[in-house]
Amino acid sequence: MAAVDPLILSIIIGAVVLLAAGIGIGVAVGRRRALERQRQAELEAEQRGDAGAAGGGDDDREGGGVATLDPDLDPGAGTAAGAGPDLLDRPEAPRTRLQRLRARLAGQNNALSRGLLNLLSGGTIDEETWEDFEATLISSDLGVGPTTELVDRLRTRFKVEGVTDGAEARRILREELLALVDPNLDRTLHDQRVGDDPGVVMVVGVNGTGKTTTVGKLARVMVAEDRDVLLGAADTFRAAAADQLETWGARVGVPTVRGAEGADPASVAYEAVTAGVDLEVDCVLIDTAGRLHTKTGLMDELGKVKRVIEKKAPVTEVLLVIDATTGQNGLIQARIFREVVDVTGIVLTKLDGSAKGGIIVQVQRELGVPVKLVGLGEGPDDLAPFDAEEFVDAILG
Ligand SMILES: Nc1nc2c(ncn2[C@@H]2O[C@H](COP(=O)(O)OP(=O)(O)OP(=O)(O)O)[C@@H](O)[C@H]2O)c(=O)[nH]1
């Protein structure tokens, strides 16, 4: 048999690999289309008055706020490989998701609310009440500076404005808390297409803060808004991390570009963005490996991932994921990440079950970067845009 020229051989192998990759992505896009067809069918059923087909509108997750074809499927387990159209989830509709999460936020801040409301319970406010109030604020991770500032302002205003009843005190407290959280910060998520390029959102942070979960939840939010999304698994340290991400995507028909375990994360991110440009998706979400802010080599690697992506398309948003329960440590991490990758938004996760909402104020002040999203649970649709007024009203009950 005649020897094949090595150049021709490598071109043939390259073409086969590209074709296979294209098929992989094509299958996933096919799943997305199947989901759209399924949605359309459900919509038609709903219009015909078939209430069971489209899920209810109440706040209870199990009760129908989330319509899933397979509610028992665990996003953290298994791989995407076998997920066909029959297994696709339909992410929770934005309206019911926000209603449900608003109620959860109000419920979760009970400890903080109680402390604040003691102050408003009427009568004269003695020194001990002020001290208890201060302690409550500090234990919510508001920080000593903002706490002192808030208490001083309240004391002055209560005196100057002659506050005598609870309703009046509540109004002033609401105004002052809102000023601290800053309703004027621009919290828009820059995940939209820019010219011919998809929005590119990079998600960074230390280990275990909830990056992959956030990318998965964000993909679902976008699918619920009928947008085309592609995931990039630039966490190549552990194959399980890419599996986890791929599973999140597969549940809603979103394709994932991944590399081999130990592959260069920058090149996987670049491939993902390239696929996103070629497929004309609306947004590419890049998950990165968790890294300690103190490890210089790993932080440099993160900078490189961003620079390499930008050879293909601008990164439109860099989200730093902070675990709300980590307090001051979260702040120290945040400063270093900001220096390396120019963070444009914060995602505060695990705010459920925590009365540590004060960290929002500290993070924003220290970094000058707005909190844009909050994670309020382990459920697949437990992610909400952060809204200053809603947050303050939830605290005040
Ligand atoms: N209660 C709660 N748990 C959350 C939230 N977000 C994430 N988690 C949980 O946090 C754990 C870690 O989440 P991951 O998404 O794997 O974290 P990661 O940052 O990608 O982890 P590494 O890749 O190891 O750095 C998981 O058990 C998630 O279910 C949230 O908003 N609330």
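**Domains.** I began with the domain assignment of this predicted model. For the chain, the assignment gives domain 1 as residues 94-181 and domain 2 as residues 199-343. I then took the centres of domain 1 and domain 2 over C-alpha atoms and found 36 Å separating them.

**Annotated span.** Next I looked up the UniProt record, an unreviewed entry. Its annotation "domain: SRP54-type proteins GTP-binding" covers residues 370-383. I checked the secondary structure there: residues 370-383 are 43% strand and 0% helix. The C-alpha atoms at the two ends of that span lie 16 Å apart.

**Ligand shell.** Which residues are the closest to the ligand? I found Gly 210, Thr 212, Thr 213, Gly 290 and Gly 375, out of 19 residues that surround the ligand. I also asked which helix gives the largest share of this shell. My notes say helix H9, residues 211-224, with 3 residues. By character, I sorted the shell into 11 polar, 6 charged and 2 nonpolar residues.

**H13 and H14.** I moved on to helix packing. Helix H13 (residues 328-341) packs with helix H14 (residues 359-367) at an angle of about 30°, and their axes are 10 Å apart. Angles under 35 degrees count as roughly parallel, so I logged H13 as roughly parallel to H14. The handedness went into the notebook too: H13 passes H14 in a right-handed crossing.

**H8 and H15.** My last pair was helix H8 (residues 166-181) and helix H15 (residues 388-396). Their axes cross at roughly 135° and come within 10 Å. Are they parallel, perpendicular or oblique to each other? An angle has to be over 145 to count as roughly antiparallel, and 65 to 115 is the roughly perpendicular range, so I wrote down H8 and H15 as oblique to each other. I noted their crossing as right-handed.

How values were computed: Residues are numbered from 1 along each chain as its sequence is written. This is a predicted model: local features need pLDDT of at least 70, side-chain atom pairs count only at pLDDT 80 or more; totals for chains, interfaces and linings use all residues. Domain bounds come from an automatic or database domain assignment. UniProt positions are given in the numbering used here, feature names are shortened, and annotations may be inferred rather than shown by experiment. Helices (H or I, at least four residues) and strands (E, at least two) are DSSP runs, numbered from the N terminus. A residue is near a molecule or strand if its C-beta atom, placed from the backbone, lies within 6 Å of it. Ala, Val, Leu, Ile, Met, Phe, Trp, Tyr, Cys and Pro count as nonpolar, Asp, Glu, Lys and Arg as charged, and the others, Gly among them, as polar. Axes are lines fitted to C-alpha atoms, for helices over the stretch in contact, and angles run from 0 to 180 degrees between N-to-C directions. A crossing is left-handed if the near helix is turned anticlockwise from the far one by less than a right angle, and right-handed if clockwise.
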